[in-house]
Amino acid sequence: MLGELLHILAAAIISWILFVAVDIFFKLPETGGVVGATAIARDIEAGGGDLAGGTMMGNIVCSPDASAGTLLAACGVYVAGIPGGLAAAVMVYIGNRICYDPGYAGTTGAVLATFVIYGFTLVGFGASDFIAGMVIAILTIQGLSHTHASRLLGRLWRMRE
């Protein structure tokens with residue numbers, strides 16, 4: 001039981017780093033990729049949060065970004081290994097096109113996550129650990145404190161410059 005909890009915690013940390021790094025690489029906080037992202041960012045900023053971090057959070061909510069890609073890849077790997085993860089990446093790509101999202105962070109996140117998750121399954125982790133871990137990672141960004149999460153994401157965004 002303790003080993004499983006440690007795997008989920010490690011998977012959450014790995015997933016968080018993976019999806020935040022991909023989103024930052026694709027400069028998602030720079031502008032809202034979809035209409036709702038800007039509205040969410042402004043609301044978070046009005047509540048004392050960071051605009052750049054709020055925009056990233058808005059992209060997470062409104063479009064298939066790297067967090068969604070990572071979660072779907074984990075589900076795909078759980079169901080069918082690497083082909084399942086890559087099928088998830090195709091679905092994320094289609095979702096990006098439906099949302100008119102100009103970026104490819106979700107697709108990139110899904111492809112990277114497929115291979116990262118599969119690699120960890122070879123050393124004793126389960127894809128289910130990454131499903132649970134990704135839900136925890138998303139919760140830390142979206143569910144605990146928009147103000148504090150947006151400030152952290154804003155600081156990470158500014159560090160890359």
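**Notebook: a chain of helices**

I began with the surface, and found that the protein chain exposes about 7,800 Å², of which carbon and sulfur atoms supply 72%. I note here that the model I am reading is a predicted one.

Next I looked up how much of the chain is hidden, and recorded that buried residues make up 44% of the 161 residues in the protein chain.

I then turned to secondary structure, where I counted seven helices and zero strands in the protein chain; going along the sequence, I wrote the pattern down as α-α-α-α-α-α-α.

For contacts in the protein chain, I took those between residues at least 6 apart in sequence, and saw that 76% of them join residues at least 24 apart.

After that I chose one pair of helices to follow in detail. Helix α1 covers residues 2-25 and helix α5 covers residues 105-121, and I found that their axes come within 10 Å and cross at roughly 150°. Because angles over 145 degrees count as roughly antiparallel, I entered α1 as roughly antiparallel to α5. I also noted the handedness, since the crossing in which α1 passes α5 is listed as right-handed.

Which residues of α1 and α5 make the contact? From α1 I listed I14, L18, V22 and D23, and from α5 I listed A105, T108, G109, L112, A113, V116 and F120. Sorting the contact of α1 with α5 by class, I obtained eight nonpolar, two polar and one charged residues.

Methods
Residues numbered from 1 in each chain as written. Predicted model: local features only at pLDDT ≥ 70, side-chain atom pairs only at ≥ 80, totals over all residues. Heavy atoms only, no water. Axes fitted to C-alpha atoms, helices over the stretch in contact; angles between N-to-C directions. Helix = DSSP H or I, 4+ residues; strand = E, 2+ residues; numbered from the N terminus. Parallel < 35°, antiparallel > 145°, perpendicular 65-115°, else oblique. Left-handed = near helix turned anticlockwise from the far one by under 90°. Contact = heavy atoms within 4.5 Å. Nonpolar A, V, L, I, M, F, W, Y, C, P; charged D, E, K, R; others polar. Buried < 20%, exposed > 50% of the residue type's maximum accessible area, 1.4 Å probe, protein only. Areas by Shrake-Rupley, 256 points an atom, 1.4 Å probe, with all protein chains shown as cover.
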